[in-house]
Amino acid sequence: MRSFLWLASVEPGVPTREEYLHISGPEKVAFYVLMAVSVAILLAQVIRRIALWRSGKPPTWKPDPIGSIAKYVLGQRKVQSSRPKSGAPMHLMIFYGFMALFLATTLLAISSYGYLVGLPRFHQGNYYLLYEATFDALGLLFLVGIVWAGIRRAALIEAERQNPEAKVNPNPLSHRPSDWAVLGLLFVLGLTGYILEAARIAVNPKPWDHYSFVGWTLAAVVPASFGPEGYKAIWWFHAFLVAVLFATLPLMRIKHIVTATLAVAGAKTDPNMGRLVPIRMEEVEETGQIGVNDTKQFTSWHLMSLDACMECGRCTEVCPAHNVGKVLNPKRVVQDTLGAHLAGGSEVIERVTEEALWECTTCNACVEACPVLIKHVDMIVDMRRNLVAEGKLSGSGATLLRQLGSTGNAWGAQSSQREDWMKGLDIPLCRDGKPFEYLFWVGCAGATDPLGMKTTKAFAALLRKANVSFACLGSEESCTGDPARRLGDEFTFQASAEMNLAAFKKYGVKKVVTACPHCLNTLRNEYGDFGDELEVFHHTELLSELVGQGLLRGAQPAAGHVTYHDPCYLARVNNTSDPPRSLVGDDTDFDKNGPALLDEAARPPYPLRVLAEPKQHARKTLCCGAGGGRMWMDEEPDQRPSSRRLDQLVETGAETIAVACPFCRIMLDAGMKQRSDADHIRLVDLAEMMQEANAE
Ligand code: SF4
Ligand code: SF4
């Protein structure tokens, strides 16, 4: 009735269209009942789901819902940056097409029912013409995206079928029969929308119908005998499909359109991913619980984020452990955790498996790739914490924890040995009592490992050369506790943190510089939870600044290209990849070495003529396999992430591999010794390259 009333109020000849055309009053009631039933089914499932999420602990962080939704949902930041060649354009078409259709329906509903709150009907005139033309075009985008998704999925299934023996699937998208059902449903919904438009134009033509250009074109092929009854049949079919979509939405992967938005809205937004949430002693005393062995011990946000996973496999695609054939598969970790939660929660570790949990390098590549911001590393470390508390870590990992606990050094060296590298160098020590600006944090590798010591000496010499005021803790330094924390031994970590923070306090340390990205991450992002915040710099950041001030020269590579391996804990976890690059080389070598392999468009505003970038670099770098305590754990020779990374570095054709992390250096050095094609390649820390350039 209402639709006829408004028609009377529209000037004759003003473009618009009649709603509920040929639909009688009783039929409208039936339509409302159908919609109410489908929405009720949807809500019942949503309420059950919310109860499951709420069984977790309250989150401990403050989210930024508006900023996150703008960036990751509307801006599709992760989808756009993760793998453009294998699905991003398709997803963008479906997403923006779907959003456009959702907006079109919402606008129409406001125009139709706004009178209930005193709004005038506005679906007419030039607005109507613009609406029709715009949403007809955007709907096409949606349909093309759906067809693209179907073809892509079929191609991936066929590729898997043809290569059933492949150890590692390069496109680990999950496939279920319901995926076809949802693609089919969305396609038919979109198509029947256009057919409905064509039928309306055929039975009730208007002079402005060509603005609805898709329906208008289709109307030319609608049979002449097509009458109001035919129109009504299509209308009902379309309405039925909408009802089916509402009722089944929570059962299908497409539910992520809602769950992903919720997960993104509530996620931690710290741009540095490196902070793990501490275990509080008071909580342990109260609950007797350490870590997670039941999904209900995760936060409600983590539980909700599991429901947002659409099994796209982006995390799996980038996992260094999975890619060398290990059991760990971050997508499976999420799905197994979800499965465990739906089954009551107590069997989560059994489902995920201990083997998978220990294989993680905590490189955060999965977290970086995940479009819905799932925090795999938080969950993995939480489960490791429980395993450690239950005494389930054995072998070389357990030896590391014992060494670290007894000596404060990950290699088990005594504290006095931390000063071995200083012999004959007259290195200033905090205990000398002289004022200093920077504490040079050496770290276990920098003080103990022969390769790490080379970096340490080179950096100390550069600080001297640039007249930087610094001092070291020497024997008063103890491991930051990073490997213990990431292996799950929170209490050894907290003991280390307390000891080091006491030393910082004693000497009034405010600024720290270190050549180890793992130490940097812990000191910069995690020690603040136990004491004062520190200003912490990576050695490449300080060196870059000193070069900028003209106090030091950048590296002068002897010949050939240099490739730089970004450490995960610097480039990805702490978002720092430009300063090390700024040290690699300068324009003077350009003529000698030829053009860089780096794309002109991707070149930052500092000299990079000698830099040859590996396939994965900056935040997308590939892990060497050392993080998360893995450096101390046994590795099968054919399952070393460092071999895969070396393949990429060697492929650049560079004659120098520059590194900026002692862990990476140890792993890559061991890998190079196993290869026959790397004899001519030099592996060296940027500090050493700089020291050579500043020798005289
Ligand atoms: S966890 Fe994230 S990246 Fe991995 S499959 Fe799920 S949605 Fe995709
Ligand atoms: S953090 Fe790295 S190793 Fe661990 S699951 Fe994620 S991608 Fe794999």
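1. Let me start with a helix pair. Helix α2 (residues 25-54) and helix α9 (residues 228-248) have axes that come within 7 Å and cross at roughly 15 degrees. The two are therefore roughly parallel to each other, since angles under 35 degrees count that way. The crossing of α2 and α9 is right-handed. On the α2 side, the contact uses E27, A30, F31, L34, M35, S38, V39, I41, L42 and Q45; α9 brings K232, W235, W236, A239, F240, V242, A243, F246 and A247. By class, the residues of this contact divide into 15 nonpolar, two polar and two charged. Before going on, a reminder that all of this is a predicted model.

2. Now the overall frame. The chain holds 31 helices and seven strands. Its C-alpha trace spans about 100 × 65 × 55 Å along the principal axes. Of the 696 residues in the chain, 57% are buried. Among contacts with a separation of 6 or more, 78% come from residues 24 or more positions apart.

3. A second helix pair sits at another angle. Helix α3 (residues 65-74) packs on helix α10 (residues 256-266) at about 130 degrees, and their axes are 7 Å apart. That makes α3 oblique to α10. The crossing of α3 past α10 is right-handed. P65, S68, I69, Y72 and V73 are what α3 puts into the contact, meeting T261, V264 and A265 of α10. The tally for this contact is six nonpolar, two polar and no charged residues. On the α3 side, the spacing of S68, I69, Y72 and V73 is worth a look: an α-helix has 3.6 residues a turn, so residues three or four places apart point the same way.

4. Next, the sheet. It is an open one of four strands, ordered β2-β1-β3-β4, with parallel pairing. β2 and β4 (535-538) are the edge strands, each pairing on one side only. Strand β1 (residues 438-441) pairs with strand β2 (residues 470-471) in the parallel sense over two bridges, and four bridges join β1 to strand β3 (residues 511-514), again parallel. Y438 is a handy place to see both pairings: Y438 stands opposite F470 in β2 and opposite K511 in β3.

5. Which residues of β1 lie on each side of the strand, and are they buried or exposed? Y438 and F440 are on one side, L439 and W441 on the other, and all four are buried, so both faces of β1 are covered. The split is what you'd look for, as in a regular strand the side chains alternate between the two faces of the sheet. Helix α25 (residues 539-548) lies across β1, β3 and β4, running at about 80 degrees to β4.

6. Further along the chain, helix α29 (residues 641-651) has P641, S642, R645, L646, Q648, L649 and V650 buried. Their cover includes β5 (562-564), β6 (656-659) and α30 (662-673). Just after α29, G653 takes a positive phi of about 80 degrees.

7. Two other residues with positive phi deserve a check, given that most residues other than glycine have a negative phi. T353, not a glycine, has a phi of about 80 degrees. T353 lies in the loop between α15 (348-352) and α16 (354-358), and at 29% relative accessibility it counts as partly exposed. D426 also has a positive value, with phi near 50 degrees. D426 is found in the loop between α19 (395-407) and β1, and with a relative accessible area of 65% it is exposed.

8. Last, a single residue in the helical part. Y194 is in helix α7 (residues 177-203). Is Y194 buried or exposed? Its relative accessibility is 7%, so Y194 counts as buried. Beyond its neighbours within four places in sequence, Y194 is in contact with F135, D136, G139, L140, L143, V214, G215 and L218. For a sense of distance, the C-alpha atoms of Y194 and V367 are separated by 40 Å, with their positions 173 residues apart along the chain.

Technical notes:
Residues are numbered from 1 along each chain as its sequence is written. Chains are lettered from A and ligands numbered from 1 in the order in which they are written. This is a predicted model: local features need pLDDT of at least 70, side-chain atom pairs count only at pLDDT 80 or more; totals for chains, interfaces and linings use all residues. Side-chain values use heavy atoms; hydrogens and water are left out. Buried means under 20% relative accessible area, exposed over 50%, partly exposed in between (1.4 Å probe, protein chains only). Two strands pair if DSSP finds at least two bridges between them. Contact means heavy atoms within 4.5 Å. Axes are lines fitted to C-alpha atoms, for helices over the stretch in contact, and angles run from 0 to 180 degrees between N-to-C directions. Angles under 35 degrees count as roughly parallel, over 145 as roughly antiparallel, 65 to 115 as roughly perpendicular and the rest as oblique. A crossing is left-handed if the near helix is turned anticlockwise from the far one by less than a right angle, and right-handed if clockwise. Ala, Val, Leu, Ile, Met, Phe, Trp, Tyr, Cys and Pro count as nonpolar, Asp, Glu, Lys and Arg as charged, and the others, Gly among them, as polar.
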